[in-house]
Amino acid sequence: MITFKLNGQERTFDGDPDTPLLWVLRDFEKLTGTKYGCGIAQCGACTVHLDGTTRRSCITPIATVEGSEVVTIEGIEGKEAEAIQKAWVAIDVPQCGYCQSGQIMSAVSLLQMTPKPTDDDIDGAMAGNICRCATYHRIRQAIHNAADTMEG
């Protein structure tokens, strides 16, 4: 039995300890905001926060989250999350939207670590998140806008 916190609530999983966290979230917890993209941690669609840092849930065995705190797009909160969500809407970032939960999770983590990121900071933090619609310029602008909102 694996016990962990999920979006602030204690959860247990009594299945194969090698099951990827992504499938526990989607299939057992019914939290479908975290997306399956590549299955090899290259696209970022499955990004969640694990104990405060970004993690690709598609390659994270559930056994490794024992005693940890997992936050998904459904549970993200705080001033950084609010600023990012508002900026995403204001800039009209999503096109198809599939990658957006992973993009938002990475962007929130960036602002938590670096409240006033440079373009290089943004490029580094977001490098593992692929957007097939190529909305990268809008993503960068939304992150800058969110940082400005938090500063002001």
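Author: Two strands are said to pair if DSSP finds at least two bridges between them. The structure discussed here is a predicted model.

Reader: In which sense do strand E3 and E4 pair?

Author: Pairing asks for at least two bridges, and strand E3 (residues 47-50) shares four bridges with E4. Within this pair, His49 stands opposite Thr54 in E4. The sense in which E3 and E4 pair is antiparallel.

Reader: Which strands stand at the edges of the sheet?

Author: Five strands make up an open sheet of mixed pairing, and their order is E2-E1-E5-E3-E4. A strand at the edge has a single partner strand, so one of its sides is left without a neighbour in the sheet. The edge strands are E2 (9-13) and E4 (53-56).

Reader: What angle does the direction of helix H3 make with that of E3?

Author: From one strand to the next, the sheet has a twist that averages 40°. Helix H3 (residues 100-113) packs on this sheet, where it touches E3, E4 and strand E5 (69-71). Between the direction of H3 and that of E3, the angle is about 40°.

Reader: Which residue in the loop between E3 and E4 has a positive phi although it is not glycine?

Author: Most residues other than glycine have a negative phi, so a positive value deserves a look. The loop between E3 and E4 holds such a residue, with a phi near 50°. The residue is Asp51.

Reader: Is Ala134 buried, partly exposed or exposed?

Author: Ala134, which is not a glycine, also has a positive phi, of about 60°, and lies in the loop between helix H4 (119-126) and helix H5 (136-151). Buried means under 20% relative accessible area and exposed means over 50%. With a relative accessible area of 44%, Ala134 is therefore partly exposed.

Reader: How wide an arc around the axis do the buried residues of H5 cover?

Author: H5 has 16 residues and reaches 23 Å from its first C-alpha to its last, close to the 22 Å expected. Its buried residues are Ile139, Ala142, Ile143, Ala146 and Ala147. They lie on the same side of H5, because the arc they cover is only 135°.

Reader: Which helices do the buried residues of H5 pack against?

Author: The face of H5 turned away from its buried side carries the exposed residues His137, Thr149 and Glu151. The buried residues, among them Ile139 and Ile143, instead pack against helix H2 (79-91), H3 and H4.

How values were computed
Residues numbered from 1 in each chain as written. Predicted model: local features only at pLDDT ≥ 70, side-chain atom pairs only at ≥ 80, totals over all residues. Heavy atoms only, no water. Helix = DSSP H or I, 4+ residues; strand = E, 2+ residues; numbered from the N terminus. Axes fitted to C-alpha atoms, helices over the stretch in contact; angles between N-to-C directions. Contact = heavy atoms within 4.5 Å. Buried < 20%, exposed > 50% of the residue type's maximum accessible area, 1.4 Å probe, protein only. Expected span 1.5 Å × (residues − 1). Arc of directions from axis to C-beta.
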